[in-house]
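Q: I would like to learn how to read empty space inside a protein, and how to read the place where two domains meet. Could we take these in turn?

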Amino acid sequence: MEEELRRLIAEVRAYPSSSPQRRKALNKLLMLTQKLRGIYRSTHPNYLDALDRTFEWVCKNIDVFNLERSYVVWFNGYLKWRIRDLYISDNEYIPSLDQPVANEDELRTLGETIAHPKFSLSGIDLLLKTEQEEQRQRQGKAVWEYIKQDPAGKLTQCHLQKDPQCHCQLLAQEILLHDPPKKIAQIARELNIKNQTLYSHWNRHCIPLLREIALIFEPKP
Amino acid sequence: MKHINSQLLTVPLKQQAHIYAQQFAAEQATIEKGKQVYLNTLAVCAVRSYLQWLAIENTVAQSECWHPGFRAIFNVADLDLPQLGKKLECIPVLPGQNALVIPPEAIENRLGYVGVQFREELEEVELLGFLPAQKTRHEAIPLTQLKSLDDLIDTIERGEWVENLRQWFEGVFQLEWQPVESLVPSLRLKTIPRQNTVSRGKIMHWENKPELILVVRITKTTLGKVEVCLRIYPYGDIAHLLPGLQVELLDELGTVCMEQQAGKKTNWIQLDFSCQPDDIFGVRISLGEMSMTEQFIV
């Protein structure tokens, strides 16, 4: 592992910055780094942000890494420093050689004093239920209302030439608003229309029209 | 599945990513739509982080998923690569899912697709790989068909010198592409401005040989096709092209589709052809062992 690591660092350094060869070597170095034992882990709320910043810093500074030192110590040194302050400039960082930069207990205690919200896939529903209810004017909801109401009649007017019933409003409701969204092939079967006809109508006429409508809803300042 | 054994890159999800995701998802009409927006936002933020590590320029300023109207209507997770004028689509993959589902609204102007694997804990994601944009419209692509992140880097590298001709119709040109009259004064009287037609020229430099001018004229036709006329002129006061100069038209795979050669007194060489939107072609100009190639996307 250690040998592989040194070989990869040398490979990264051999190529000029921004070259595809260097970026590919960095891919390998990052993947290996993530498997290394001893990379510092913490439940501190800043940990994931700091880890992200550390990967970026490593990619930028790998040329100045001293190959005679421990890579893991070098990595953890910056990471622990970053956890303590996410927003100061890299210029303020002075790597202390082999000394651990921060006391681990100190970091952990700090982490425990700040509430650390846990995000999870199955928690999204519950989170959104409250969050959505709290928002008085939901722009996303207004967009859906627009599609359902079609106040200017644009969506219903955008239909297959031979089939006025097969219009953009119906398709948008089935493909985009329906839960779960219907597949174009399924709608084609239901309406007894050729798949390709429906697909090209959707792509050529409906999507551009819906893009126009999307633009009505300006980002809030 | 292939990706279980191979090496994947893990990207931590930042606090700010969750803040955006929550904010965008809370605007939505339903919980289901909100969840889609939440995961799309996280996926885009994760790919941004990765590109940031490798110092690859990217922005969400023009992203549809960052616009309230677009993200409410479409299932989009697009990230702009401004140097290429193209987008990367960052597609969330949920636990147990074994295909990448590409929505029809996420096909236009995409360089390709990055699969972003989520786990129950939303602390980090894994980048499953990259799928270059392709013309075949499969709505679901098995994860086993994803290529590595190295392929993404190669695609970005190749893309960096693909001139986007579609942007010409919108008046967007790279600096080296100049109005034709300024490069070939004799053409000043002959070009009649027409609607749906754009012409630009570029000086092509070689070592130790007189420079050339590559002129590209594109015309939109009513059928959605684009007609392309390429001309190679000598630059400056030189009247003729060097004898033996060869101009070849290459398709996306580099296969020669058309070619012309300069004779003893050739003033210019011209190639005419028509393209479909998203077609990629190259022009190779060669003389003896020297050659240079320009790539275009329609």
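A: Let us begin with one enclosed space in this predicted model: the second largest cavity is lined by B:Phe24, B:Lys33, B:Gln36, B:Val37, B:Asn40, B:Thr41, B:Cys65, B:Arg71, B:Phe74 and B:Val76.

Q: How is such empty space found, and how many cavities of 30 Å³ or more does a search of the whole structure find?

A: The general idea is that rolling a probe the size of a water molecule over the atoms shows where empty space is left. Here, a search of the whole structure gives 2 cavities of 30 Å³ or more, and the second largest cavity, with B:Phe24 and B:Arg71 among its lining residues, holds about 40 Å³ of space.

Q: Where do the domains of chain B begin and end, and what separation do their centres have?

A: In chain B, domain 1 covers 2-160, while domain 2 covers 163-297; taken over C-alpha atoms, the centres of these two domains of chain B are 36 Å apart.

Q: How many residues of each domain of chain B are in contact with the other, and what area is buried between them?

A: On the side of domain 1 of chain B there are 5 residues in contact with 7 residues of domain 2 of chain B. Together the two domains of chain B bury about 430 Å², of which 34% is on carbon and sulfur atoms. By class, the side of domain 1 of chain B that touches domain 2 of chain B has 2 polar and 3 charged residues, and no nonpolar ones.

Q: How many salt bridges are counted between domain 1 and domain 2 of chain B, and how many residue pairs in polar contact?

A: Between these two domains of chain B the count of salt bridges is 0, and the count of residue pairs in polar contact, both at pLDDT 80 or more, is 0.

Notes: Residues numbered from 1 in each chain as written. Chains lettered and ligands numbered in written order. Predicted model: local features only at pLDDT ≥ 70, side-chain atom pairs only at ≥ 80, totals over all residues. Heavy atoms only, no water. Domains from an automatic or database assignment. Contact = heavy atoms within 4.5 Å. Buried area = accessible area lost by both parts, 1.4 Å probe. Salt bridge = Lys/Arg side-chain N within 4 Å of Asp/Glu carboxyl O. Polar contact = N/O pair within 3.5 Å; in protein donor to acceptor, adjacent residues only side chain to side chain. Nonpolar A, V, L, I, M, F, W, Y, C, P; charged D, E, K, R; others polar. 1 Å grid on protein atoms, 1.4 Å probe; cavity = no way out; pocket = protein on both sides within 12 Å on 5 of 7 lines; lining within 4 Å. Points joined across faces, edges and corners; volume = space filled by probe spheres on them.
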